[in-house]
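Subject: Handover of a structure and notes on its contents

Dear colleague,

Please find below the structure that I am handing over to you. I would be grateful if you kept it open while reading the notes that come after it.

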Amino acid sequence: MITITIPTPDVSITKQANPVLSHIYGFTDFIQIPRDYGGIFMFYNDDNELLFIGKARKLRPRIKKHFEDTVSVMKDHRDEVTRIDVCLIEDPVHREIYETYIVNKMKAKYNVEKVLYK
């Protein structure tokens, strides 16, 4: 049997209510997310409910796309996101395993692919 544990976030940023500084959808600490590292990212709401999990070769540009893209799964739910957790994982196979595992273990609300439960 294989045991998988959800990794501890390397970076966790929270949405500011009335941001004064430059921000992306209220996240003034967006700069803390590494630009050139791979890993997984998780979007949470106020109730600590996992909304979406994704993976990327380059984290910051990929996460930013979810807040700007017109075709993102999150396009109608961006305002719900109040926390972003990021785990640095360089190995692409490990990223894939973690993403699939977390989608199914925590039943991410807006992930539609890789869902094994129904």
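The notes below take the strands, the helix packing, the aromatic rings, the cores and the loops in turn.

Please bear in mind throughout that this is a predicted model.

**Strands**

Strand E2 covers residues 39-44 and pairs with E3 in the antiparallel sense, over six bridges. Within this pairing, Met-42 stands opposite Ile-53 of E3. The two strands form a hairpin, with five residues between them. Strand E3 itself, residues 50-56, is mostly covered, since six of its seven residues are buried.

Strand E4 has pairings of its own. E2 and E4 run antiparallel and are joined by six bridges; in this pairing, Leu-88 of E4 is the bridge partner of Gly-39. E1 and E4 also run antiparallel, here with four bridges, and Val-11 stands opposite Val-86 in E4.

**Helix H1**

Which residues of helix H1 are buried? In this helix, which spans residues 59-68, they are Leu-59, Arg-60, Ile-63, His-66 and Phe-67. These residues lie on the same side of H1, because they cover an arc of only 120 degrees around the axis. A general point about helices helps here: an α-helix has 3.6 residues a turn, so residues three or four places apart point the same way. The cover over the buried residues of H1 includes E2, E3 and strand E4, the last of these at 83-88.

**Aromatic rings**

Across the whole structure, a search finds six aromatic pairs. One of them is formed by Phe-41 and Phe-52: the pair is tilted, with 6.4 Å centre to centre and 40 degrees between the planes. This pair links distant parts of the chain, as Phe-41 belongs to strand E2 and Phe-52 to strand E3, 11 residues apart. Both Phe-41 and Phe-52 are buried. On a wider view, ring pairs link Tyr-25, Phe-27, Phe-41, Phe-43, Phe-52 and Phe-67 into a cluster.

A ring also takes part in an arrangement with a charged group. The charged end of Arg-83 sits over the ring of Tyr-44, at 4.0 Å from its centre.

**Nonpolar cores**

The largest nonpolar core has 19 residues, and those that touch the most other members are Ile-33, Phe-43, Ile-63 and Ile-84. At least two residues of this core come from each of E1 (11-14), E2, E3, H1 and E4. Apart from this core lies another, of 11 residues, including Ile-40, Ile-53, Ile-89 and Ala-108.

What is Ile-33 in contact with, leaving aside its neighbours within four places in sequence? Its contacts are Val-11, Ile-13, Leu-59, Arg-60, Ile-63, Ile-84 and Val-86. Of these, Leu-59, Arg-60 and Ile-63 are among the buried residues of H1, while Val-11 and Val-86 are the residues that stand opposite each other in the pairing of E1 with E4.

**Loops and backbone**

Is Arg-78, in the loop between H1 and E4, buried or exposed? With a relative accessible area of 10%, Arg-78 is buried, because the cut-off for buried is under 20%. Leaving aside neighbours within four places in sequence, Arg-78 is in contact with Lys-15, Tyr-25, His-66, Phe-67, Glu-68, Asp-69, Thr-70 and Ser-72. The C-alpha atoms of Arg-78 and Phe-43 are separated by 9.4 Å, although the two residues are 35 residues apart along the chain.

Asp-91 is found in the loop between E4 and H2. With a relative accessible area of 32%, Asp-91 is partly exposed. The C-alpha atoms of Asp-91 and Arg-57 are separated by 9.2 Å, and the residues lie 34 residues apart along the chain.

Two further residues deserve a look for their backbone angles. Most residues other than glycine have a negative phi. Asn-48, however, has a positive phi, near 65 degrees; Asn-48 is found in the loop between E2 and E3. Lys-107 likewise has a positive phi, near 50 degrees, and lies in the segment after helix H2, residues 92-105. Asn-48 counts as partly exposed, at 47% relative accessibility, and Lys-107 counts as partly exposed, also at 47%.

With kind regards

Technical notes
Residues numbered from 1 in each chain as written. Predicted model: local features only at pLDDT ≥ 70, side-chain atom pairs only at ≥ 80, totals over all residues. Heavy atoms only, no water. Buried < 20%, exposed > 50% of the residue type's maximum accessible area, 1.4 Å probe, protein only. Pairing = 2+ DSSP bridges. Arc of directions from axis to C-beta. Contact = heavy atoms within 4.5 Å. Phe/Tyr/Trp six-rings, centres within 6.5 Å; stacked < 30°, edge-to-face > 60°. Lys NZ or Arg CZ within 6 Å of the ring centre and 35° of its normal. Core = buried A, V, L, I, M, F, W, Y, C linked by side-chain atoms within 4.5 Å.
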